[in-house]
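I opened this entry to look up nonpolar cores and aromatic pairs. My notes follow in the order I checked them.

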Amino acid sequence: MIVLTAGSKTILSKRRWPAPARRVRRTLSLGVHPLLLTSQSGASLPERRTSSVNAVSATERNVRRTGPVLRLIVLSLCLVSAASPGARAQLTTAAPTGIEDVGIDDRSGERLPLTTPFTDSTGRSTTLEQFFDGQRPVVLTFNYSDCPMLCKLQLHGLVESLKKVDWVAGEQFRVLSISIDPAETPAQAAVIRQNHLQAYGRPGAEDGWIFLTGSPASIRAASNAAGFRFKYLPKQREFSHTAAAIVCAPDGMISRYLYGVDFDPQTLRLSLAEAAEGRIASPLDKLLLYCFRYDAATGRYAPAAWKLMRLGAITTVVLLGIFVLRFRFAGNADGRLPSEVYKQP
């Protein structure tokens with residue numbers, strides 16, 4: 001039973017009032033009128049506090065529900081803006097300064113200008129024709145002695161690859177390096193040549209690796225024919241260029257481009273054998289060239305499926321023919337043919 005005092009009257013109640021009513025009871029016992037506990041909107045303070053809490057809880061629930069959706073929308077807008085033509089243009093067309101005109105154009109099947117004059121590392125005047133004898137293929141590179149890094153990496157990678165090929169430069173093939181710096185002297189070329197011949201370490205390779213210097217006109221004539229585009233940077237006093245080993249046929253025709261600074265020895269060997277049109281290839285090399293083809297995407301020789309199937313079919317027919325012939329014409333121990341052995345008396 002609860003006793004509620006309001007002025008001089010006493011009210012009895014057997015029902016337990018809720019918490020807001022109990023607070024009213026306490027205020028009434030203090031002589032405070034209930035109307036003083038209402039707000040301007042007409043709601044009591046406990047009701048207003050409860051409604052505020054409920055509103056905050058509802059807001060939090062709405063944020064939690066819509067938060068992932070908003071994040072997904074923002075992410076979608078970012079992806080759409082990144083995939084827009086303007087964004088793609090900014091990503092693909094903004095090339096670093098100095099490499100706008102640098103690269104390699106594939107000129108496979110075209111011939112080098114063999115009458116172009118150059119100077120070798122001994123200071124002797126010569127032409128490209130002197131190094132294409134119609135018998136041996138040539139590995140052509142474009143470098144220069146003062147290159148801070150890329151040329152050194154490329155020539156080092158070429159040396160390491162050539163060391164793993166059992167052919168010797170100067171015997172089965174030649175290596176020809178043309179300087180793209182018209183200011184380079186034969187003496188500088190001689191130092192670079194000697195360093196790489198020592199690193200190569202093959203006896204008899206002295207005449208197999210030639211370093212040439214030339215005038216701007218000669219350098220441009222050879223590089224343009226090979227599709228090798230480079231650019232001089234005056235501020236850096238360097239040449240901006242790419243790296244590639246160009247495999248040429250014995251008559252000066254461009255056969256294959258091997259890009260980068262690290263060359264697979266088997267790919268290099270097969271490229272030389274293919275450029276020489278079988279002149280220096282062993283029977284195994286010829287078989288590999290028949291069954292494999294060069295894949296420009298990987299920079300290596302990959303199996304040619306239809307050629308392998310044809311080779312397998314031919315091998316199967318040959319083996320079956322040999323087996324049938326041996327069974328048909330081979331005699332037994334006393335010299336009789338199989339038809340005579342099984343002949344009835």
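I started with the largest nonpolar core, in what is a predicted model. This core holds 30 residues. Leu 112, Leu 128, Phe 132, Phe 142, Leu 176 and Ile 178 have the most contacts inside it. I then asked which elements give it two or more residues. They are β6, β7 (174-179), β8 (209-213), α6 (216-226), β12 (244-248) and β13 (254-259). Helix α6 gives the largest share, with four residues.

I picked Leu 176 for a contact list. Setting aside residues up to four places away in sequence, Leu 176 touches Leu 128, Phe 131 and Phe 132. It also touches Val 138, Val 139, Leu 140 and Thr 141. Ile 210 and Leu 212 complete the list for Leu 176.

I also found a second, separate core. It has 26 residues, among them Val 159, Val 165, Tyr 200 and Phe 263. The general background I noted is that nonpolar side chains in soluble globular proteins tend to be buried together.

Next, aromatic rings. How many aromatic pairs are there? I count seven, taking ring centres within 6.5 Å as a pair. I looked at Tyr 144 with Phe 239: the ring centres are 5.1 Å apart. Their planes meet at 70 degrees, so I logged the pair as edge-to-face, the cut-off being over 60. The two residues are 95 apart in sequence, and the pair links distant parts of the chain. Tyr 144 is in the loop between β6 (138-143) and α4 (150-163), while Phe 239 is in strand β11 (residues 238-240). Are these two buried or exposed? Tyr 144 has 5% relative accessibility and counts as buried. Phe 239 is at 13% and also counts as buried, because the limit is under 20%.

I then checked Tyr 257 with Tyr 259. Their ring centres lie 6.0 Å apart and their planes are at 10 degrees, so this pair is stacked. Tyr 257 is buried at 3%, whereas Tyr 259 is partly exposed at 45%.

I followed the ring pairs further. They link Phe 142, Tyr 144, Phe 228, Phe 230, Tyr 232 and Phe 239 into a cluster. I noted a charge at one of these rings: Arg 220 lies over the face of Phe 230, 4.0 Å from the ring centre.

Last, I looked up Pro 265, which lies in helix α7 (residues 265-275). Beyond its neighbours within four places in sequence, Pro 265 contacts Ser 161, Lys 164 and Val 165. I also checked Pro 265 against Glu 160: they are 105 residues apart in sequence and 8.6 Å apart in space, C-alpha to C-alpha.

How values were computed. Residues are numbered from 1 along each chain as its sequence is written. This is a predicted model: local features need pLDDT of at least 70, side-chain atom pairs count only at pLDDT 80 or more; totals for chains, interfaces and linings use all residues. Side-chain values use heavy atoms; hydrogens and water are left out. Rings of Phe, Tyr and Trp (its six-membered ring) pair if their centres lie within 6.5 Å; planes under 30 degrees apart count as stacked, over 60 as edge-to-face and the rest as tilted. Buried means under 20% relative accessible area, exposed over 50%, partly exposed in between (1.4 Å probe, protein chains only). A charge sits over a ring if NZ of Lys or CZ of Arg is within 6 Å of the ring centre and within 35 degrees of the ring normal. Contact means heavy atoms within 4.5 Å. A nonpolar core is a set of buried Ala, Val, Leu, Ile, Met, Phe, Trp, Tyr and Cys residues joined through side-chain atoms within 4.5 Å.
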